[in-house]
Amino acid sequence: MTNKIKPGQSESAASRRTFLKGGLAAGGAIVAGATAARSATPDKAITEPHEWAQTLGEGVDARPYGTPSEFEKHVVRRNVSWLTATPESSVNFTPLHELDGIITPNGLCFERHHAGIAVVDPAKHRLMINGLVDKPLVFTMDDLKRFPRVNKVFFLECAANSGMEWRGAQLNGCQFTHGMVHNVMYTGVPLKYLLEEAGIKSSAKWLMPEGADASGMTRSVPLFKALDDCLVAFAMNGEALRPEQGYPLRLVVPGWEGNMWVKWLRRIEVGDQPWHAREETSKYTDLMENGKARRFTWEMDCKSVITNPSPQAPLKHTQGQTVITGVAWSGRGTIKRVDVTIDGGKNWHTARLDGPSLDKSLHRFYFDFNWDGKPLLMQSRAIDSTGYVQPTKNELRKARGTNSIYHNNGIQTWHVRENGAVENVEIS
Ligand code: MTE
Ligand code: CO
């Protein structure tokens, strides 16, 4: 059910996720002075020595493979219990509200498995290319590493990201509403080099990548995409792929729905038509109001979300200098602009894009403003390099109905209360 209420209804009468539209102060967008600094009164935390300065710390032999500080234990992937009937066929979510910049650390990339994490021995792993080719080939991992390789940053978003929000605001936290996305620098071989090696027959139009896990996942990928920018990747953020992400080899399908990025990649069949696999018929299709289903909706539409503040990351102050930040991405290119509103869409401000602006990657944005302490209704709206503007949730529902799970790229609203608490709402 939706958590919308009509203007005029009192906020307390509504559920915790609803919000009364109107009557909000439009906070100014100018940062005033250094109000965030503490005053110069004596503070034991600076005048007294701490326990960590009294003894020697651990030596260089203590952490052969480093892990985050013990004070960062809350920075973890999380799942939603009612979405996790069996952990082997489920999903967990990237803690977007704990991250900054654009790169997702390897241990925090959300996971989506259909048959658990396969433990694949790279020495025994092979990639086969067969079907409509002149020369069927089998590659070892060492063979693949003799092809020219490239490094590229791409987001991977599951088509079901934000799927639980189609009918109304539901999950309280951007980790859960938007955390089926990660952004990683991949090292891999352009798939076209391998296809050229095998020799594609002139009748070839489609590929069917297949996973080596127990789900043997398959999807039909059009040949034009494979020849354009797909990679066969063996490293992420500089190190070998993590087991969760398909070690030792995964397909990278930039800008397209995560389901096509086959993990533990073992075979690519070349054909002249799509295979109509489970993942492109009963799943990953969008049932419309008229009973027809959209198919092969591969590209991930332009989308953004404010990650801080957000329900899991409330504001810790009650007025003054405040930073809003979030991420934006598009499966069709780069992000041209992100607009932010703090008054439910009455006024929009251009956010500051910072950090690299890469094709089919997350982009980081900031909006720095002076909070007057009144409740806020925050939204972000991204515009990509093709000029596409991220739609509202209601615009999406008008176009596609509410039967869908997939491809929800609607504008997210967060309600910030006077005490800094944040909740997931929709504006009616
Ligand atoms: N590949 C295989 N072999 N098995 C799987 O279960 N899940 C798919 C895709 N590739 C899957 C797979 C889905 S639905 C998504 S969204 C992405 O992998 C998730 O990738 P990640 O686990 O790196 O986040
Ligand atoms: Co998925």
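## Unusual spots in the backbone

Let's start with P248, which sits in the loop between strand 10 (239-240) and strand 11 (250-252). The peptide bond leading into this proline, from Y247 to P248, is cis, with omega near 10°. Keep in mind that what you're looking at is a predicted model, and the values here are computed from it.

There's another cis bond to find, this one joining N308 and P309, where omega is about -5°. Look for P309 in the loop between strand 15 (303-308) and strand 16 (320-329). Then there's H276, which isn't a glycine but still has a positive phi, near 55°. You'll find H276 in the loop between strand 12 (265-271) and strand 13. Why point these out? Because most residues other than glycine have a negative phi, and most peptide bonds are trans.

## Two domains

Now zoom out. The protein is split into domain 1, covering 76-294, and domain 2, covering 303-425. Measure from centre to centre over the C-alpha atoms and you get 26 Å between domain 1 and domain 2.

How many residues are in contact across the two domains? On the domain 1 side there are 45, and they're in contact with 41 residues of domain 2. Together the two domains bury about 3,700 Å² between them, and 54% of that is on carbon and sulfur atoms. Three residues stand out here: I102, W166 and H178 supply 22% of the area that domain 1 buries against domain 2, more than any other three residues.

## What holds hands across the interface

Side chains of opposite charge can pair when their charged atoms come close. Between domain 1 and domain 2, the count is three salt bridges. If you want a salt bridge to look at in the model, try K303 and E157, whose side chains meet at 2.8 Å, N to O.

Polar contacts turn up too: 25 residue pairs across the interface of domain 1 and domain 2, both partners having pLDDT 80 or more. Which parts of domain 1 do the touching? Strand 5 (150-157), helix 3 (174-178), strand 6 (181-190) and strand 13 (286-287) each supply at least two residues to the side facing domain 2. Helix 3 gives the most, with five residues. Sorted by class, this side of domain 1 has 18 nonpolar, 15 polar and twelve charged residues.

## Around ligand 1

Next up is ligand 1, which has 22 residues around it. The closest are F110, H114, D213, R250 and K263. What does K263 do with its side chain? An N or O atom there lies 2.5 Å from an oxygen atom of ligand 1.

Q245 joins in with its side chain as well, placing an N or O atom 3.0 Å from an oxygen atom of ligand 1. With W261 the backbone takes part: one of its polar backbone atoms is 3.1 Å from a nitrogen atom of ligand 1.

## Salt bridges overall

Searching the whole structure turns up 25 salt bridges. One of them pairs E111 with R77, with their closest N and O atoms 3.1 Å apart. This pair ties together distant parts of the chain, since the two residues are 34 residues apart. E111 is in the loop between strand 1 (90-91) and strand 2 (112-113), while R77 is in the loop between helix 1 (44-47) and strand 1.

Terms used:
Residues numbered from 1 in each chain as written. Chains lettered and ligands numbered in written order. Predicted model: local features only at pLDDT ≥ 70, side-chain atom pairs only at ≥ 80, totals over all residues. Heavy atoms only, no water. Domains from an automatic or database assignment. Contact = heavy atoms within 4.5 Å. Buried area = accessible area lost by both parts, 1.4 Å probe. Salt bridge = Lys/Arg side-chain N within 4 Å of Asp/Glu carboxyl O. Polar contact = N/O pair within 3.5 Å; in protein donor to acceptor, adjacent residues only side chain to side chain. Helix = DSSP H or I, 4+ residues; strand = E, 2+ residues; numbered from the N terminus. Nonpolar A, V, L, I, M, F, W, Y, C, P; charged D, E, K, R; others polar. Near = heavy atom within 4 Å.
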